[in-house]
Protein chains: 2
Amino acid sequence: MSASPSVVVFDVNETLSDMSPMAQRFTDVGAPAHLAKLWFASLLRDGFALTAAGGARPFAEVGVDGLHTLLRGVDLDRDLDAAVDHVMGGFSRLAVHPDVPDGIRTLRASGRRLVTLTNGSTSVSEALLTGAGIRDQFEALLSVEDAGAWKPSRVAYEYAARTCGTDPAGMLLVAVHPWDVDGAARAGLGTAWIDRAGTPYPRSFTPPSLRATGLTDLAEQLS
Amino acid sequence: MSASPSVVVFDVNETLSDMSPMAQRFTDVGAPAHLAKLWFASLLRDGFALTAAGGARPFAEVGVDGLHTLLRGVDLDRDLDAAVDHVMGGFSRLAVHPDVPDGIRTLRASGRRLVTLTNGSTSVSEALLTGAGIRDQFEALLSVEDAGAWKPSRVAYEYAARTCGTDPAGMLLVAVHPWDVDGAARAGLGTAWIDRAGTPYPRSFTPPSLRATGLTDLAEQLS
């Protein structure tokens, strides 16, 4: 990657947002908390399957579909549609991880351009960053809905580069997900893997250019 | 699809094999049983991500990677590598669903050519079908490892059609997974969705040409 990327592009779900409160949304409706992780993995599985087959459907639609499959047969405290709505509503109430505001401000203060690129909708990114008081640090909030293909397809990263008027090599993708790091690296971007939990990086995926324990650590490494 | 497909191509994991004993493999090593489903969804998520990004790694490698991530931090009764081996070993001990032997024999007796196409290795398919006494009903056991891309990429289905010397339109893909039905339909195959549990078919995916409650039901519909 470029020694000093001019544009830093952040994944949103789990990278900026803390998704752990989604488990409470499941228990709220009478479902086991552990279904939250299964649901999110299944949502990405299905979205990536569509991408691999040449299709693209909105993130929220795939998420709702997955809940209908997963909550069928669970002894819910309300009807299925209301339970699905309650879980989906959790997405727009998430907060950022504690390291995000300081890390973002330091990166922005260093003169870098900051954008987001999500497989979800920009409205969720907008609510998340506004709630954290850091919306003004970002030049643009991008969604793959305007790219025609979900990350980790090359098409999604090239859309972001084109929109920012830069080459992929001038961008740094920041994500907690190895699949995002891998896709960005294959598309020619520099990559930073945020590992807040101390997990091993999977051998199957292209390794990141940088590893950091959070965004303040990343900002220090790039200073 | 063709009114009478000449080649029927079966998915293997969960479509022919009953994967529910994998949960016991997790409890054997001291991990919660519910991790089995999360692991398999994550394995497919990561494999499909690689496919969407233009890569391809062996199924078992992606599976082992996923276990290293998932079992980290779990209070196991043995060391991590031994636990990973024990879970992975479960794949080659699975049995077929009860409806499989009769359904397969009836379909074969009707003069159709039967093959399998798995994202896994052919050795797992070989052990599964030999154990069930129906290996001789199949003309070939195919793996995407020879196609260069996992299902649901079009490349995988086209590989199967080419290997069988037929057009995609002359083939019927049989699977329990909507993502497999969707990918096969996009590649021009007829599709049969096996729904043993009565779950809703997701709106995000291309609907199947046929729906059946098991392979005996499918064989009746095709007779």
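**Exercise 1. The sheet of chain B**

In what order do the six strands of the open sheet in chain B stand, and is the pairing parallel or antiparallel?

Solution. This is a predicted model.
- Step 1: read across the sheet. The order is S3-S2-S1-S4-S5-S6 in chain B.
- Step 2: check the sense. The pairing is parallel.
- Step 3: look at the edges. Strand S3 (140–143) and strand S6 (210–212) of chain B each have a single partner strand, so one side of each has no neighbour in the sheet.
- Step 4: add the twist. From one strand to the next it averages 25 degrees.

**Exercise 2. One strand pair and its helices**

Find how strands S1 and S4 of chain B pair, then find which strands helices H5 and H7 of chain B touch.

Solution.
- Step 1: take S1 (residues 7–10) and S4 (residues 171–175) of chain B. Four bridges link them in the parallel sense.
- Step 2: pick a facing pair. B:Leu172 in S4(B) is opposite B:Val8.
- Step 3: place helix H5 (residues 100–109) of chain B. It packs on the sheet and touches S1 and strand S2 (113–118) of chain B. Its direction makes about 130 degrees with that of S2(B).
- Step 4: place helix H7 (residues 154–164) of chain B. This helix also packs on the sheet, touching S1, S2, S3 and S4 of chain B. Here the angle with the direction of S2(B) is about 150 degrees.

**Exercise 3. The contact between the chains**

Describe the contact of chain B with chain A: its residues, its buried area and its salt bridges.

Solution.
- Step 1: count residues. Chain B gives 35 residues and chain A gives 35 residues.
- Step 2: take the area. The two chains bury about 3,000 Å² between them, with 66% of it on carbon and sulfur atoms.
- Step 3: list the polar links. There are two salt bridges between the chains. In one of them, A:Asp65 meets B:Arg203 at 3.2 Å, N to O. Six residue pairs are in polar contact, both residues at pLDDT 80 or more.
- Step 4: name the helices on the chain B side. Helix H2 (35–52), helix H3 (59–71) and helix H8 (178–186) of chain B each supply at least two residues. H2(B) gives the most, with twelve residues.
- Step 5: sort the chain B side by type. It divides into 15 nonpolar, ten polar and ten charged residues.

**Exercise 4. Backbone oddities**

Where is the cis peptide bond in chain B, and which residue of chain A has a positive phi although it is not a glycine?

Solution.
- Step 1: go to B:Lys151 and B:Pro152. A cis peptide bond joins them, with omega about 10 degrees.
- Step 2: locate B:Pro152. It lies in the loop between S3 and H7 of chain B.
- Step 3: turn to chain A. A:Glu14 has a phi of about 80 degrees. A:Glu14 sits in the loop between strand S1 (7–10) and helix H1 (22–28) of chain A.

Key:
Residues numbered from 1 in each chain as written. Chains lettered and ligands numbered in written order. Predicted model: local features only at pLDDT ≥ 70, side-chain atom pairs only at ≥ 80, totals over all residues. Heavy atoms only, no water. Pairing = 2+ DSSP bridges. Axes fitted to C-alpha atoms, helices over the stretch in contact; angles between N-to-C directions. Contact = heavy atoms within 4.5 Å. Buried area = accessible area lost by both parts, 1.4 Å probe. Salt bridge = Lys/Arg side-chain N within 4 Å of Asp/Glu carboxyl O. Polar contact = N/O pair within 3.5 Å; in protein donor to acceptor, adjacent residues only side chain to side chain. Nonpolar A, V, L, I, M, F, W, Y, C, P; charged D, E, K, R; others polar.
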